[in-house]
Amino acid sequence: MERTCVGCRQQTDRANLLRIVEESMVLILDERKAMFGRGAWIHPTQECLELAITRRAFIRALKLSGQPDSSGLNFTKEQAETMLANK
């Protein structure tokens with residue numbers, strides 16, 4: 001099943017994307033891709049993360065009314081690859 005990255009807007013299989021959800025106005029990584037609620041999909045790269053934050057894509061994708069805290073979403077390439085491998 002394909003999803004669209006909220007950062008670069010490219011479609012790809014959900015197995016290659018990370019799912020981000022909002023909980024109490026804090027963006028968190030849904031490692032199992034099964035948490036309750038609306039999710040936003042993103043490539044596991046710092047570039048896509050920065051694009052999504054700059055474009056305010058998480059606010060639109062998650063239908064939020066304010067700016068969420070995204071400070072906990074920074075990840076390195078190695079961390080992202082590990083997250084995708086543990087799916």
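1. A good place to begin is Cys-8, whose sulfur lies 3.8 Å from the closest cysteine sulfur, that of Cys-5, and this is too far for a bond. The model is a predicted one, and that should be kept in mind in everything that follows. Cys-8 itself is partly exposed, because its relative accessible area is 28%.

2. What is the closest cysteine sulfur to that of Cys-5? It belongs to Cys-48, at a distance of 3.8 Å, which again is too far for a bond. A disulfide would require the two sulfur atoms to be within 2.5 Å, and the structure accordingly holds 0 disulfides. Cys-5 counts as buried, since its relative accessibility is 0%, whereas Cys-8 is partly exposed.

3. Turning to the overall plan, the chain contains 3 helices and 5 strands, and when they are read from the N terminus the order of the elements is β-β-β-β-β-α-α-α. Of the 87 residues in the chain, 37% are buried. The chain exposes about 5,500 Å², and carbon and sulfur atoms supply 48% of that area. If one takes the contacts between residues at least 6 apart in sequence, 53% of them join residues at least 24 apart.

4. In which order do the 3 strands of the open sheet lie? The order is E4-E3-E5, with antiparallel pairing. Strand E4 (26-30) and strand E5 (39-42) are the edge strands, each of them pairing on one side only. From one strand to the next, the twist averages 35°. As general background, the strands of a sheet pair through backbone hydrogen bonds, and they may do so in a parallel or an antiparallel way.

5. The pairing of E3 with E4 can be followed residue by residue. Strand E3 (residues 18-23) pairs with E4 in the antiparallel sense over 5 bridges. Among the residues facing each other, Ile-20 has Leu-29 in E4 as its bridge partner, and Val-21 stands opposite Ile-28 in E4. The two strands form a hairpin with 2 residues between them, and Ser-24, which is in the turn, has a positive phi of about 55°.

6. Ile-28, which is placed in strand E4, deserves a closer look. Is this residue buried or exposed? Ile-28 falls in between, as partly exposed, because its relative accessible area is 25%. When residues up to four places away in sequence are not counted, Ile-28 touches Arg-19, Ile-20, Val-21, Glu-23, Met-35 and Leu-73. The chain also brings Ile-28 and Ser-70 to a C-alpha to C-alpha distance of 7.8 Å, although they are 42 residues apart in sequence.

7. Which residues touch the most other members of the largest nonpolar core? They are Val-6, Ile-42 and Phe-58, in a core of 18 residues. E3, E5, helix H1 (46-54) and helix H2 (57-61) each supply at least two residues of this core. In soluble globular proteins, nonpolar side chains tend to be buried together. For Ile-42, with neighbours within four places in sequence left aside, the contacts are Cys-5, Val-6, Leu-17, Leu-18, Ile-20, Cys-48, Leu-49, Ala-52 and Phe-58. Both Cys-5 and Cys-48, the cysteines discussed in the second point, are therefore in that list of contacts, although their sulfur atoms are too far apart for a bond.

8. Thr-12 is found in strand E2 (residues 11-13). This residue is buried, because its relative accessible area is 18%, and a residue counts as buried when that value is under 20%. Leaving aside neighbours within four places in sequence, Thr-12 is in contact with Met-1, Glu-2, Arg-3, Leu-17 and His-43.

9. Two loop residues should be checked for their backbone angles. Arg-9, in the loop between strand E1 (2-4) and E2, has a positive phi of about 70° although it is not a glycine. Lys-33, in the loop between E4 and E5, likewise is a residue other than glycine with a positive phi, in this case near 60°. As for their surroundings, Arg-9 counts as exposed because its relative accessibility is 52%, whereas Lys-33 counts as buried because its relative accessibility is 15%.

Note on methods. Residues are numbered from 1 along each chain as its sequence is written. This is a predicted model: local features need pLDDT of at least 70, side-chain atom pairs count only at pLDDT 80 or more; totals for chains, interfaces and linings use all residues. Side-chain values use heavy atoms; hydrogens and water are left out. Two strands pair if DSSP finds at least two bridges between them. Helices (H or I, at least four residues) and strands (E, at least two) are DSSP runs, numbered from the N terminus. Axes are lines fitted to C-alpha atoms, for helices over the stretch in contact, and angles run from 0 to 180 degrees between N-to-C directions. Buried means under 20% relative accessible area, exposed over 50%, partly exposed in between (1.4 Å probe, protein chains only). Contact means heavy atoms within 4.5 Å. Accessible areas come from the Shrake-Rupley method with a 1.4 Å probe; for residues, only the protein chains shown count as cover. A nonpolar core is a set of buried Ala, Val, Leu, Ile, Met, Phe, Trp, Tyr and Cys residues joined through side-chain atoms within 4.5 Å.
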